[in-house]
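Here are some short exercises for you to try with a structure viewer open. Attempt each task before you read its solution.

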Amino acid sequence: MFERLTFERLTVVAPPVGAAALALALLTGWTAVGGAGGPRPVAADAGWVLLPTPGAASATAAFFTVRNPGDVPDELTGASWEFGGPITLKRHLHQGAAGRWEAVAALPVPARGELAMSPEDADLMIAAPPALKPGQGVGFTLTFRHSPPLRLVARVRPPGERPR
């Protein structure tokens, strides 16, 4: 009789205990490879550079969309390009119908979100660029607080040919 009760108890208890053990093993593995609550590298598409208007500005701007698939926020902390020279991270501040821009130390890339640079929000300001041609590919390196650097190409576009 004792053996029969023990066997019946095992047949009732074994499936949930086994399922719990399997779930624990899978969650432990997922966490160990960085899938749970850990940082994951950001990604970005090719960007674009605004072609400076001849005789107008002695600066231009570059734009990228950076996506963060991870659960941990990241920050764009710097950028460089193939021609060297300073690149300033900047954000536009809107004040009613007017606005201004200010240099920032970093641009946030939210967890499971994106930093979508645009002329109306944030960009990479490039002082005194060399002569650029429409369609030209320009190499950039973006650096982040948590993710490895991204090497990307941005296409030069004249005003009015902004990608959608």
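The exercises below go from the whole chain to single side chains.

The model is predicted, so to speak of local features a pLDDT of at least 70 is needed and side-chain atom pairs count only at pLDDT 80 or more, while totals for chains, interfaces and linings use all residues. Residues are numbered from 1 along each chain as its sequence is written, and side-chain values use heavy atoms, with hydrogens and water left out.

**Exercise 1. The whole chain**

Work out which elements the protein has and what share of its residues is buried.

Step 1. Helices (H or I, at least four residues) and strands (E, at least two) are DSSP runs, numbered from the N terminus. The protein has one helix and twelve strands, and their order from the N terminus is α-β-β-β-β-β-β-β-β-β-β-β-β.

Step 2. A residue is buried under 20% relative accessible area, exposed over 50% and partly exposed in between (1.4 Å probe, protein chains only). Of the 164 residues, 30% count as buried.

Step 3. Now look at contacts, meaning heavy atoms within 4.5 Å. Among those between residues at least 6 apart in sequence, 69% join residues at least 24 apart.

**Exercise 2. A three-stranded sheet**

Find the strand order of the open sheet of three strands, and say which strands stand at its edges.

Step 1. Two strands pair if DSSP finds at least two bridges between them. The order is E1-E4-E9, with antiparallel pairing.

Step 2. E1 (43–44) and E9 (113–116) are the edge strands; each has a single partner strand, so one side of each is left without a neighbour in the sheet.

Step 3. Between E4 (residues 65–68) and E9 there are four bridges, and Thr-65 stands opposite Ala-116 in E9.

**Exercise 3. Salt bridges**

Search the whole structure for salt bridges and say which parts of the chain three of them link.

Step 1. The criterion is a side-chain nitrogen of Lys or Arg within 4 Å of a carboxyl oxygen of Asp or Glu. The search finds five salt bridges.

Step 2. One of them joins Arg-67 and Asp-45 at 3.0 Å, N to O. Arg-67 lies in E4 and Asp-45 in the loop between E1 and E2 (47–50), so the pair ties together parts that are 22 residues apart in sequence. Arg-67 is partly exposed at 30% relative accessible area, and Asp-45 is partly exposed at 43%.

Step 3. In another, the closest N and O atoms of Arg-145 and Glu-75 are 2.5 Å apart. Arg-145 sits in the loop between E11 and E12 and Glu-75 in strand E5, so parts 70 residues apart in sequence are tied together.

Step 4. Asp-123 and Lys-90 form a salt bridge at 3.8 Å. This pair links strand E10 (residues 122–127) with strand E6 (residues 87–95), 33 residues apart. Both Asp-123 and Lys-90 are buried.

**Exercise 4. A buried acid**

Establish whether Asp-74 has a salt bridge, and find its polar partner.

Step 1. Asp-74 lies in strand E5 (residues 74–81). Asp-74 is buried yet has no salt bridge; the nearest side chain of opposite charge, Arg-145, is 6.1 Å away. Here Lys and Arg count as positive and Asp and Glu as negative; His and the chain ends are not counted.

Step 2. The side chains of Asp-74 and Ser-147 share a polar contact of 2.6 Å. Such a contact is a pair of N or O atoms within 3.5 Å; within protein, one must be able to donate a hydrogen and the other to accept it, and residues adjacent in sequence count only if both atoms are side-chain atoms.
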